[in-house]
Amino acid sequence: MFTEYDHAHMRRALDAAREGLYTTTPNPRVGCVIARGEEVLGVGFHRRAGEPHAEVMALMDARARVGPDGIVGATAYVTLEPCNHFGRTPPCTGALREAKVARVVAAMDDPNPLVAGKGLQSLRDFGIDVRCGLLRAEAEELNRGFISRMTRGTPWVRMKIAASLDGRTALDNGVSQWITGEAARTDGHAWRARACAVLTGLGTVREDDPQLNVRLVETTRQPKRVLVDARLGVPLEARIVHTGTLVFAGALDDAAVALKADALARRDVEVVSLPDANGKVDLRAMLAELGRRGINELHVEAGEKLNGSLLREGCVDELLLYLAPCLIGPGRGMAALPALAELDGRLALDTHSVTLLADGDVRVLARVKR
């Protein structure tokens with residue numbers, strides 16, 4: 001069904017899509033290649049919301065190289081089904097039709113209900129040869145967060161943990177800097193940079209006073225900062241108390257808590273009350289709220305209590321673990337999970353990748369089995 005050239009051009013389109021890894025939120029990461037046989041005529045990717053989509057950028061590149069007539073009868077390779085609706089930009093299906101391409105190869109269909117097969121069908125109706133599914137797994141991997149938000153209404157949740165080989169994230173006195181080395185910390189910031197938001201809990205703020213921003217890798221966009229703080233105990237001088245930070249609280253019916261919410265609001269910190277039955281933060285409702293706000297990927301860097309709560313509530317999709325080649329002994333663990341009577345109750349994971357980093361630390365990406 002697909003030729004060697006098809007595979008090569010789609011791989012190049014996927015490489016182009018990765019150019020938007022840190023910038024496209026809340027949109028998906030998409031790349032496009034216009035080609036004829038083995039010859040590449042144009043390459044483009046979507047950079048950020050409101051700017052031209054990948055297909056339009058690739059067509060512009062091709063026109064600059066070979067002129068509009070040189071595109072007629074060519075093939076467009078795109079990592080996501082072309083859109084067929086007006087959003088911030090016109091539909092890409094129209095641009096492909098006007099360019100008179102003969103064939104469109106998509107890696108995957110668009111999970112957005114506004115598209116969901118309509119883009120591919122409109123191209124078929126126009127007489128264009130349309131194929132879908134080439135390197136689908138790679139394309140889906142690139143847009144786990146967008147797919148999650150479109151299909152579940154919640155972000156893809158990635159929990160980052162740095163620990164010793166015996167699973168300790170800190171000493172009993174809270175000291176944790178630094179268990180892992182510089183390479184692991186830099187890599188962790190790269191994963192922060194690709195996320196739409198970084199979330200932590202009050203305990204981490206009190207002990208580490210984190211900035212929760214990206215500093216160790218270059219980025220043109222900082223992720224949003226999110227704090228889970230049921231009773232609004234965050235110190236007003238904490239570095240996370242910053243314009244644009246979103247704080248999820250429990251009930252705000254207590255006078256002192258309401259006053260703290262007002263004080264945070266005066267610092268341009270938004271407080272959202274989402275209490276559960278116990279007056280704490282309803283974590284599932286929190287994820288739904290983040291989904292409504294266009295958060296595709298949520299990066300969690302918290303302590304063992306919040307980690308345990310998120311895992312127990314089924315809110316985590318994957319674990320990003322950095323394991324240092326050392327043993328600590330007594331100390332704080334990765335997540336406060338309930339004691340098990342039988343191994344059948346353990347949280348099952350699928351190991352997605354294992355990478356040895358430059359300083360001897362190991363990065364493990366493991367996904368929660370559903």
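Which helix does Gly308 lie in? Gly308 lies in helix α11, and we will come back to that residue after a look at the whole chain. The model you have open is a predicted one.

**The chain as a whole**

The secondary structure of the chain comes to 11 helices and 14 strands. A compact globule with 370 residues would have a radius of gyration near 21 Å, and the chain, at 23 Å, agrees with that. Along its principal axes, the C-alpha trace spans about 70 × 45 × 40 Å. If you like surface terms, the accessible surface is about 17,200 Å², and carbon and sulfur atoms hold 51% of that. Of the 370 residues, 51% count as buried. Contacts often reach far along the sequence: among those between residues at least 6 apart, 73% join residues at least 24 apart.

**Two nonpolar cores**

The largest nonpolar core has 37 residues, and those with the most contacts inside it include Met10, Ile34, Leu59 and Val104. Among the elements that give two or more residues to this core are α1 (4-17), β1 (31-36), β2 (39-45), α2 (54-66) and β3 (75-78). Another core, of 33 residues, lies apart from it, with Val226, Val228, Val300 and Leu319 among its members.

Val104 is a good residue to click on in the largest core. Leaving aside neighbours within four places in sequence, Val104 is in contact with residues including Ala76, Val78, Leu96, Leu123 and Ile128.

**Around strand β1**

Five of the six residues of β1 are buried, so this strand is largely enclosed by the rest of the structure. β1 pairs with β2 in the antiparallel sense over six bridges, and Val33 stands opposite Val43 in β2. The hairpin of β1 and β2 has two residues between the strands, and Gly37 there takes a positive phi near 65°. β1 also runs antiparallel to β3, joined by four bridges; the partner of Ala35 in β3 is Thr75.

**Annotated positions**

UniProt, in an unreviewed entry, places the feature "binding site" at Ser176, Arg192, Leu212, Arg215 and Glu301. The same feature name is placed by UniProt (unreviewed entry) at further positions, including Ala162, Trp178, Gly303 and Gly308. The positions of this second list spread over 148 residues of sequence, and in space they lie up to 24.7 Å apart between C-alpha atoms.

Here is the accessibility of four annotated residues:

| Residue | Relative accessibility | Class |
|---|---|---|
| Arg215 | 44% | partly exposed |
| Glu301 | 13% | buried |
| Gly303 | 29% | partly exposed |
| Gly308 | 0% | buried |

Arg215 sits in the loop between α8 (202-208) and β8 (224-228). Beyond its neighbours within four places in sequence, Arg215 is in contact with His189 and Arg192.

Glu301 is found in the loop between β11 (297-300) and α11 (304-312), and the place of Gly303 is also in the loop between β11 and α11. Why does Glu301 count as buried? Its relative accessibility is 13%, and buried means under 20%. Leaving aside neighbours within four places in sequence, Glu301 is in contact with Lys160, Arg192, Leu199, Thr200 and Thr204. Arg192 is thus a contact of both Arg215 and Glu301.

That brings us back to Gly308 in helix α11. Not counting residues up to four places away in sequence, Gly308 touches Ala335, Ala336 and Leu337.

Definitions and conventions:
Residues are numbered from 1 along each chain as its sequence is written. This is a predicted model: local features need pLDDT of at least 70, side-chain atom pairs count only at pLDDT 80 or more; totals for chains, interfaces and linings use all residues. Side-chain values use heavy atoms; hydrogens and water are left out. UniProt positions are given in the numbering used here, feature names are shortened, and annotations may be inferred rather than shown by experiment. Buried means under 20% relative accessible area, exposed over 50%, partly exposed in between (1.4 Å probe, protein chains only). Contact means heavy atoms within 4.5 Å. A nonpolar core is a set of buried Ala, Val, Leu, Ile, Met, Phe, Trp, Tyr and Cys residues joined through side-chain atoms within 4.5 Å. Two strands pair if DSSP finds at least two bridges between them. The radius of gyration is taken over C-alpha atoms; the globule rule is 2.2 Å times the number of residues to the power 0.38. Accessible areas come from the Shrake-Rupley method with a 1.4 Å probe; for residues, only the protein chains shown count as cover.
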